[in-house]
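Q: I am new to this structure and would like a close look at one part, the surroundings of the ligand. Could you walk me through that part and then on to what lies beside it?

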Amino acid sequence: MSELTELYQEIILDHNKYPRNYGSLVDFTAKGEGNNPLCGDEVTVYWKLGSGAIEAISFQARGCAISQASASMMTRILKGKSVAEAQELFQLLRRHLTQADGDKEFPEKLGDLAALAGVRKYPARIKCATLAWHALFDKMGGSAQGRELLIRGD
Amino acid sequence: MTTTIDVASIRRDFPILHTRVGGRPLVYLDNAATTQKPVAVLSALEKHYKESNANIHRGVHYLAERATDAYELARKTVAGFLNAARSEEIIFVRGTTEGINLIAQSYGFPFLGEGDEILLTTMEHHANIVPWQLVCERNGAKLRIIPVTDSGELDMEAFTALLSERTKIVSLAHASNALGTVNPVKAMVDKAHACGAIVLLDGAQAVGHFPVDVQDLDCDFYVFSGHKLFSTTGAGVVYGKYDRLQSMPPFQGGGDMINKVTFEKTTYKRPPGRFEAGTPNIGGAVALGAAIEYLGGLDRLALLEYEHDLLQYATGLLSEIEGLKIYGRASEKVSLISFTLEGVHPHDIATVLDADGIAIRAGHHCTQPLHRHYGISATARASFAYYNTREEAEKLTASLKKIKLLFG
Ligand SMILES: Cc1ncc(COP(=O)(O)O)c(C=O)c1O
């Protein structure tokens with residue numbers, strides 16, 4: 001069970017069961033949709049931008065525990081962040097999920113997202129862990145850096 | 001119930017079934033995705049490449065003749081397997097998907113026009129949807145969809161109501177890969193013919209489970225994939241009534257499908273050659289012949305009875321799990337069970353089962369419209385073959401109960 005319990009850590013199961021910031025926002029300024037054609041999972045992320053920062057953010061999804069927990073944790077960590085900070089976090093997360101920094105410890109900055117580390121042993125599930133993030137940055141990714149990230153894809 | 005098949009001995013014919021996954025014996029319940037291959041198939045393939053490999057229909061040397069004979073013998077074997085009237089009615093393709101595309105393009109493109117209708121069902125695999133959408137886009141034909149009931153059977157009244165003189169093709173799964181439902185295809189062929197429509201049956205999930213007789217069914221086309229019939233990937237079959245095939249233009253152009261090529265005009269071979277451009281999967285055809293021979297050595301009706309018993313048993317076990325919902329409760333089913341488990345996404349089910357050595361499929365199984373119809377995005381699917389056992393169904397059940405606790 002060891003790899004499995006590493007994948008399904010308490011915190012993942014908890015966010016899966018009790019997703020935070022779930023539902024749409026009444027006054028969102030934009031929303032982004034993502035789906036995984038492989039499995040049919042769907043996510044919609046809603047956010048409200050004000051003076052360059054994410055004032056509010058929420059999501060709705062039909063997906064596995066990994067995608068659900070990642071989306072839920074994402075809304076928590078990105079709330080209040082500037083667009084540039086948010087993009088930096090996404091880049092950091094991706095690097096730690098994929099080959100670039102795949103063997104390193106998750107940095108402090110990523111907070112609870114460190115619970116996603118177990119996904120690295122399940123390459124097929126990395127897409128699940130980044131689905132909501134892509135939904136967000138696909139739409140928001142106005143900056144050259146953001147777009148470049150998306151083009152490379154996961 | 002007593003069965004006459006010796007599963008332990010059959011399992012010895014399939015080397016991969018003895019794989020261990022993280023120290024546990026593999027429980028392979030993903031047979032609807034692809035089946036495992038018996039030694040008879042693997043060694044036929046190896047023997048072919050060791051002793052008969054050459055290109056076909058082109059050389060006069062010893063090996064070229066051996067390879068051509070082996071390939072054409074495989075065609076005869078398939079014809080016998082489906083009870084086709086003649087072996088020229090058998091076309092080798094890559095698989096079901098290519099087979100349906102062949103018919104959509106060589107029959108749909110030339111013979112369908114504005115306002116003509118193609119009847120499909122809600123439970124179709126994407127392979128039996130998208131090729132027809134291409135026909136519609138190009139020719140202005142329309143799709144009409146036969147709905148399914150809550151238990152996963154076709155609504156036959158709706159089918160009758162949808163049939164009209166506009167219906168040109170009825171194309172449907174003989175057995176559903178997502179629900180397991182075996183459709184009443186013979187009666188449907190009769191009704192379609194009475195309206196002047198032709199019928200294509202997608203036999204991908206049928207041929208591995210029960211005998212099929214295309215003359216008895218009287219279908220116009222029948223397609224299946226070798227890899228779901230205990231043979232290799234990359235070789236499958238289109239059966240077509242000869243006169244129908246004779247009236248159709250080629251699918252792809254190239255070598256081997258022509259009589260004479262000039263820059264002004266090219267003439268094509270008669271079927272089946274007309275539809276087999278380029279070097280085909282010769283080894284795959286030979287392996288498919290071997291798989292059919294292998295099945296022929298078993299008592300297929302006993303296998304079917306055994307699978308039916310296993311399905312009943314597994315269905316009973318799974319039904320006892322709280323929060324587990326089975327999709328597809330048709331009275332006639334092949335041995336697969338699609339289900340959801342309350343509070344646990346199918347992907348997570350599959351990942352946790354994998355840690356116990358149990359292989360199932362999670363997702364939409366290339367049947368998104370069907371899943372949408374039931375208001376879900378994914379199911380977990382355990383699909384059985386005659387080499388699976390009651391003990392494996394018990395392991396699946398035990399693991400599923402553990403998952404409930406983990407995610408509880
Ligand atoms: C009912 C049905 N039709 C078509 C296909 C496509 O078969 P293939 O991928 O071998 O072309 C499948 C396989 O998943 C199937 O189950």
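A: Here is a walk that starts at the ligand and moves outward from there. This is a predicted model, in which local features need pLDDT of at least 70 and side-chain atom pairs count only at pLDDT 80 or more, while totals for chains, interfaces and linings use all residues. Residues are numbered from 1 along each chain as its sequence is written, chains are lettered from A and ligands numbered from 1 in the order in which they are written, and side-chain values use heavy atoms, with hydrogens and water left out.

Let us begin with the shell. Around the ligand sit B:Thr96, B:Thr97, B:His125, B:Ala127, B:Asn177, B:Asp202, B:Ala204, B:Gln205, B:Ser225, B:His227 and B:Lys228; a residue is near a molecule if one of its heavy atoms lies within 4 Å of it. Sorted by class, this shell holds two nonpolar, seven polar and two charged residues. In this sorting, Ala, Val, Leu, Ile, Met, Phe, Trp, Tyr, Cys and Pro count as nonpolar, Asp, Glu, Lys and Arg as charged, and the others, Gly among them, as polar.

Three side chains of the shell deserve a closer look. B:Thr97 places a polar side-chain atom 2.6 Å from an oxygen atom of the ligand. For B:Gln205, an N or O atom in the side chain is 2.7 Å from a ligand oxygen, and a polar side-chain atom of B:His227 also lies 2.7 Å from an oxygen atom of the ligand. The protein covers 85% of the 400 Å² of accessible area that the ligand has on its own, an area that comes from the Shrake-Rupley method with a 1.4 Å probe.

One member of the shell, B:Asn177, leads us on to an arginine. The backbone oxygen of B:Asn177 lies 2.9 Å from a polar atom of the B:Arg381 side chain. B:Arg381 belongs to strand E17 (residues 379-383) of chain B; strands are DSSP runs of E with at least two residues, numbered from the N terminus. B:Arg381 counts as buried because its relative accessibility is 1%, where buried means under 20% relative accessible area (1.4 Å probe, protein chains only). Leaving aside neighbours within four places in sequence, B:Arg381 is in contact (heavy atoms within 4.5 Å) with several residues, including B:Asp30, B:Asn177, B:Ser338, B:Arg361 and B:His365. So to retrace the path, B:Asn177 is part of the ligand's surroundings, and the buried B:Arg381 is in contact with B:Asn177.

How values were computed
A polar contact is a pair of N or O atoms within 3.5 Å; within protein, one must be able to donate a hydrogen and the other to accept it, and residues adjacent in sequence count only if both atoms are side-chain atoms. Helices (H or I, at least four residues) and strands (E, at least two) are DSSP runs, numbered from the N terminus. Buried means under 20% relative accessible area, exposed over 50%, partly exposed in between (1.4 Å probe, protein chains only).
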